[in-house]
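Me: Could you take a close look at one strand for me, along with its partners and surroundings? I'd like a connected walk through that part.

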Amino acid sequence: TMPAGRGSIVVSDPRNGEILAYVSHPAFDPNVFSLRAKTDEGKEEIQQLTEDPNKPLYNRPIQGMYPPGSTWKLLTTVAALNEGVITPENSRIQDGGIQLGNYFMRSISNYGMPDIVTAIAKSADGYYYRLGLKMGPEKFERWVEKFGFGKRTGIDLPREMAGSAPTRATKIREYDFYIKKAEKQLAEATDKTLRAQLEFRIKQLQHEAEWTAYDMAASAFGQGRNATTPVQLLRYVGGLAVGGQMHTPHLFLRAEPGVDRLGNSHPEMRYEDKNTFVVPMNADIHDIVKKGMWQAVNAGGTAGAAAVEGFDVCAKTGTAQVVSTEKANKATQDHAWLMSFAPRDNPEMAMVILTENAGFGGKQSAPRAKPIYEEYYRRTRKITDPVVADAATEPADKAKKAETPTTVEKTQKTEKKRVSAQ
């Protein structure tokens, strides 16, 4: 269900972390390396692959690092509820844009004073700006650590990237190189004017490296210095699905007993998850997470295009900004995320879909989840009714077409359009 462009789809069993589907798009034929690498044709194919601007050799699910956008709001939710910043009974916070110093931080949404479930379902940006500010960096960073972001998941594939956690330490590391470079130049400088300039530059960099209210607000809703791989989000949504048990994503299941080429016998081997851990999430918090994500799909939220009748899909969309709105063009459009699980109670599947530089998660990635869930539902429930079977195999493009805005809708302001699609 991937488009002609670039993206990833990863699916797992949230009960144990077993990978059920793994897509990196565009793909390539690995036989070119194993069978044709020494032929002239094979060498030409390999050169085309390495020079392709879409980077088909790039293993996107474990190596692609992207801002997670609004998918991150569930981490902020779990953190705030655990820390007592909000409670299930008292969670209403103002939505909408906010003035932070001399910068006005716009919000795509403006839902007044929503509660936490509505904020999840409607993806209320301004709500999460303020929730992040109420929580503060110390509490926030504690939960970034608890969820394991900024670290490899341990998936049994080589060259997995760790991503980047949106913390004060990450920001300081970014500036540390330039500060040390300026300090070295200062130590070697003899000209008074140059020394004064360097001293001013060092103070300026040290000031810029400080954590600001903008950093906190941006980090709380998945922007800022946040870079996450699709597999990291898969483990995260799997943990959200089952109440905080974080399993290591893995492809290996078992190996039968046998004899290797040296004549050595080996017993049966089965996968053993040695890196599983638990993120604290009591029943009330887990219920809020499930309600918000269920409403996002089934009660007028941002992920309605992923709905499957009878399967209770729960999801969170994300529209991750790559560059500022003013500088965005076709090549630097927002990344479109959808992270989801189903069914709501006793989940069997967790899924992450990323469509690169495509726009809104609700319009670009949610429709691609629908046929996958339908096919799984049809097979596992042994549905043979032709009407249901046809619906389950319906192309994603048809679902996407249903999401296409009318001419009247296209004339609405961009800010308003993004509310329903984020």
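Reply: Happy to. Let's begin with the pairing: strand E1 (residues 7-12) and E13 run antiparallel, joined by six bridges. Strands here are DSSP runs (E, at least two residues), numbered from the N terminus, and two strands pair if DSSP finds at least two bridges between them. This is a predicted model, where local features need pLDDT of at least 70 and side-chain atom pairs count only at pLDDT 80 or more, while totals for chains, interfaces and linings use all residues. Residues are numbered from 1 along each chain as its sequence is written, and side-chain values use heavy atoms, leaving out hydrogens and water.

Within the E1 pairing, Ile9 sits opposite Ile353 of E13. Strand E12 (residues 335-342) also runs antiparallel to E13, through seven bridges, and Trp337 has Leu354 in E13 as its bridge partner. The hairpin of E12 and E13 has six residues between the strands, and there Asn346 takes a positive phi near 55 degrees.

How enclosed is E13 (residues 349-355)? Seven of its seven residues are buried (under 20% relative accessible area, 1.4 Å probe, protein chains only), so E13 is largely enclosed by the rest of the structure. Both faces are covered: Met349, Met351, Ile353 and Thr355 are buried on one side, and Ala350, Val352 and Leu354 on the other.

Finally, the two residues that stand opposite each other, Ile9 and Ile353, belong with Ala342 and Tyr377 to a second, separate core of 20 residues. A nonpolar core is a set of buried Ala, Val, Leu, Ile, Met, Phe, Trp, Tyr and Cys residues joined through side-chain atoms within 4.5 Å.

Methods: Buried < 20%, exposed > 50% of the residue type's maximum accessible area, 1.4 Å probe, protein only. Helix = DSSP H or I, 4+ residues; strand = E, 2+ residues; numbered from the N terminus.
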